[in-house]
Amino acid sequence: MRRQYLEYMSEIPIDCSKCGNQACWSASPQDGPIFCPTKTCEDSVRAAIHLYQEDPETRNMAIAAGRTEGRSYMKWTRVEDTIDFARNMGYKKLGIATCIGLMAEDRILQKILIAKGFEVVSICCKCGSIPKEEIGLLDNEKAKPGTFEPMCNPVAQAKILEKAGTELNILLGLCVGHDALFTKYSGVPVTTLVAKDRITCHNPNAVLHGTSFYYKKLLSP
Ligand code: SF4
């Protein structure tokens, strides 16, 4: 009976965006809607609790992140949160995987992290200087056809930082997809400081806030 119930629940679509009360944020999560994953995905929730309690790295990271959140809430910026989290974790050597378009910010971030006592290794996305054609991209698929365009190289960024022995890698404006590849190949945890969005000065949330008017076009098929 229990098994049938769980099978039935697991077939209910997961869609928190349709939730009207966010009961998970209260002490009465049972008040969430019928499709609430707290009810329909019990197995996954239990598996997560098991990891937080039994896997040392997961436990340390969850506790450190929670402590940073508690201290920082509505007081600190993300740069300060990153420093606090890294300190909580006892990391000494940090990697910065930077976009070539944010080299100025990369230098400032490096100065800040060094001032806070960290060793820092920074690596630019164009490292290796590999022409895009070398992996099969066509000239007319480049941002500026007819010119030399080196590909972004997130896999090399991850491998170089791994060789340097960084303990936490910070994403500084890698493009969509390149950030995913970096995360896939990084041997250590990754945190995003800047999410690339050339049009909004790297504030992609501006678009989500703007869909009622300026970015309404994005809601059209
Ligand atoms: S987890 Fe449940 S209560 Fe929370 S937003 Fe999703 S559906 Fe709502």
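## Around the ligand

The shell of residues around the ligand consists of seven nonpolar, three polar and no charged residues, where Ala, Val, Leu, Ile, Met, Phe, Trp, Tyr, Cys and Pro count as nonpolar, Asp, Glu, Lys and Arg as charged, and the others, Gly among them, as polar. Among the residues that surround the ligand are Cys16, Cys19, Cys24 and Cys36, a residue being near a molecule if its C-beta atom, placed from the backbone, lies within 6 Å of it.

This is a predicted model, in which local features need pLDDT of at least 70 and side-chain atom pairs count only at pLDDT 80 or more, while totals for chains, interfaces and linings use all residues. Residues are numbered from 1 along each chain as its sequence is written.

## Two domains

An automatic or database domain assignment divides the protein into domain 1 (2–46) and domain 2 (91–219), and the C-alpha centres of domain 1 and domain 2 lie 35 Å apart.

## One side of helix H8

Helix H8 (residues 178–185), named by its place among the DSSP runs of at least four H or I residues, numbered from the N terminus, has His178, Asp179 and Phe182 as its buried residues, buried meaning that 20 or more other C-beta atoms, placed from the backbone, lie within 10 Å of a residue's own, and exposed that 12 or fewer do. Because these buried residues cover an arc of only 100° around the axis, they sit on the same side of H8, the arc being that of the directions from the helix axis to the C-beta atoms. The face turned away from this buried side carries the exposed residues Ala180 and Lys184.

Conventions:
Helices (H or I, at least four residues) and strands (E, at least two) are DSSP runs, numbered from the N terminus.
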